[in-house]
Amino acid sequence: MSTASNPDVLVIAASNGENLKLAQRFVDEAKAQGKSADLLDLTTLDLPLFTPRVKETGIPDGVRPLHEQLMGAPRWVICAPEYNGSIPPVLTSAIAWLSVQGDDFRALFNGRPVAMASFSGGPGIELLMVLRTQLTHLGAQVVGRTLAGNQNRPPRDSSLQDLLNRLMQMEPLSL
């Protein structure tokens, strides 16, 4: 995890392939715009798959620092590939662990501006719809525009810049 504190935006990669490269592009663009940005690669975390049985044994050591890093960033960009028409397991499990912290499962997400991007083998549309549904349920302010790319249609710099500009204009809600 990053050592920088309270960046303007935290870019979360839910894959160590093309989405990690896409996430780095967002970090670089944010810095080019004079904003601070950190990169979080979920694939480097040692979090077990969330299940109620595993939760009964206690919260894994990696959850608290992850929660603190996410709390410290007012805005997030999530870069994730589409897995079987849905969210990649590493992201689903991380969200599950984060949502069982404290009494309010929405606390971390509620009112937080979030942008979504995907580099997938196909269009990535199913991921973006399912992830939007989940983030909205958790109370996040999801940017209306998304970015979806693949080998045949790589994400354009202008689209990435526009999505980041939209996100940076949003402020977390005080709830």
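Trainee: Where is Asn84 found, in terms of the strand and helix on either side?

Mentor: Keep in mind that this is a predicted model. Strand E3 covers 76-79 and helix H4 covers 89-99. Asn84 sits in the loop between strand E3 and helix H4.

Trainee: Is Asn84 buried or exposed?

Mentor: Let's look at the backbone before the surface. Phi of Asn84 is near 50°, a positive value in a residue other than glycine. The cut-off for exposed is over 50% relative accessible area. Asn84 has 84% relative accessibility, so this residue counts as exposed.

Trainee: Moving on to His67, which residues is it in contact with, leaving aside its neighbours within four places in sequence?

Mentor: Start with its place, which is helix H3, residues 63-71. His67 has 21% relative accessibility, so it counts as partly exposed. With those sequence neighbours left aside, the contacts of His67 are Leu98, Gln101 and Leu108.

Trainee: What separates the C-alpha atoms of His67 and Trp97?

Mentor: Along the chain, His67 and Trp97 are 30 residues apart. In space, their C-alpha atoms are separated by 9.2 Å.

Trainee: Now for charged pairs: how many salt bridges does the count come to?

Mentor: To be counted, a side-chain nitrogen of Lys or Arg has to be within 4 Å of a carboxyl oxygen of Asp or Glu. Glu18 and Lys21 pass, as their closest N and O atoms are 3.2 Å apart. By this rule, the count of salt bridges comes to 5.

Trainee: Which helix do Glu18 and Lys21 both lie in?

Mentor: Glu18 is partly exposed, with a relative accessible area of 31%. Lys21 is exposed, at 51%. The two are 3 residues apart, about one turn of the helix, and that helix is H1, residues 18-32.

Trainee: How many residues apart in sequence are the parts that Asp157 and Arg25 tie together?

Mentor: Asp157 is exposed, with 51% relative accessibility, while Arg25 is partly exposed at 28%. Their side chains meet in a salt bridge, 2.7 Å from N to O. Asp157 belongs to helix H6 (residues 157-169) and Arg25 to helix H1, so the parts this pair ties together are apart in sequence by 132 residues.

Trainee: Which residues are joined into one network by salt bridges that share partners?

Mentor: Take the pair Asp162 and Arg166 to begin with: their side chains meet in a salt bridge at 2.6 Å, N to O. Both lie in helix H6, 4 residues apart, about one turn of the helix. Asp162 is partly exposed at 22% relative accessibility, and Arg166 is partly exposed at 40%. Shared partners join the salt bridges into one network, made up of Arg145, Asp162 and Arg166.

Trainee: Let's finish on the surface: which residues make the nonpolar patch of about 250 Å²?

Mentor: One of them lies in helix H5, which covers residues 125-137. The patch rule asks for over 30% relative accessible area. Ile125 has 41% relative accessibility and counts as partly exposed. The nonpolar patch is made by Ile125, Met129 and Val130.

Note on methods. Residues numbered from 1 in each chain as written. Predicted model: local features only at pLDDT ≥ 70, side-chain atom pairs only at ≥ 80, totals over all residues. Heavy atoms only, no water. Patch = residues over 30% accessible without salt bridge, like charges linked within 9 Å, V, L, I, M, F, W, Y side chains within 5 Å. Areas by Shrake-Rupley, 256 points an atom, 1.4 Å probe, with all protein chains shown as cover. Buried < 20%, exposed > 50% of the residue type's maximum accessible area, 1.4 Å probe, protein only. Contact = heavy atoms within 4.5 Å.
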